[in-house]
Amino acid sequence: MTGLIYWLDMAGVLVFALSGVILACRSRMDPFGMLVLAAVTGIGGGTLRDLVLGVRPVFWVTDPTYLWVILATVGLSILCFHYIHRLNRGFLPVADAFGLALFTVIGTHKALLLEAPGVVAVLMGVLTGVAGGMVRDILARRVPMVLRQEVYATAAIAGGITYVVLDALSAPGTLTIALALLVTLGLRLSAIYWQLALPIFAWVTITPSSPAGEKRGEGVVPPEAARPKVRVRMIRPEQSKRQLKKP
């Protein structure tokens, strides 16, 4: 289990570092910018996790192999810059989905090893999976994926819950890891392929059914009653604010 978790962690760092390099290329950054994005994406989430859990020193200080993986990823990407730059735009979300799944499992597993409660373990899994990508997107002047309508953090939560539940049921470690990875990755890839998104809550303007001064029977609607009303409504992804305005 220890060896499997370690190599999964390395794979997560590699995939997330590559996603940082791809975004840096699309943002026209220099090699140093590529290195920064690759580093914050690859080890940013795990660093925050260790700081929150009180692990000193953080994982990449005790094992610099993580840093060498990031450096190697950036170096190879520079040599193959022409091919990296020509990658399909759908590659970045897919690579990010694999990194999210791997880091969610790693973060949840480490929190449980430190005897954290189940809900804290799920939160640490989500933090490990999404924090690095958030910092990467902010540095590249993009809205982080976790703050969009996309099913992103929800997939990490589902994967973390799966891991915690199976661990509580004393399921085999390999099975627990595999199912948690499949749940997280399956939800995220499904959201990318079918463009699934969560509903949002937004301020919408509801126009009155009767204009100001229109007669109703014998009376007259006062101007105050004819003013548009602002309400908070749940909007499905395929709807817009204009579609929700009532005549």
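This is a short talk on the cavity and the pockets in this structure.

Okay, so first: this is a predicted model, where local features need pLDDT of at least 70, side-chain atom pairs count only at pLDDT 80 or more, and totals for chains, interfaces and linings use all residues. Residues are numbered from 1 along each chain as its sequence is written, and side-chain values use heavy atoms, with hydrogens and water left out.

Let's start inside. There's 1 cavity of 30 Å³ or more. A cavity here is a set of points, on a 1 Å grid over the protein atoms alone, where a 1.4 Å probe fits but cannot get out; a pocket is an open set with protein on both sides within 12 Å along at least five of seven lines; and lining residues have an atom within 4 Å of a point. Volume means the space filled by probe spheres set on the points, which are joined across faces, edges and corners.

Which residues line the largest cavity? They're Asp-9, Val-13, Gly-42, Ile-43, Gly-46, Arg-49, Phe-59, Phe-103 and Thr-128. Two helices, α1 (2-26) and α2 (31-53), each give two or more of them, and α2 has the largest share, with 4 residues. Helices, by the way, are DSSP runs of H or I, at least four residues, numbered from the N terminus.

Now the pockets. The largest has a volume of about 300 Å³. It's lined by 15 residues, and the closest to its centre are Ile-5, Asp-9, Phe-59, Tyr-66 and Lys-110.

The second largest pocket is about 180 Å³. Among its 14 lining residues, Pro-93, Arg-148, Glu-150, Arg-188 and Ile-192 are the closest to the centre. Its largest share, 3 residues, comes from α9.
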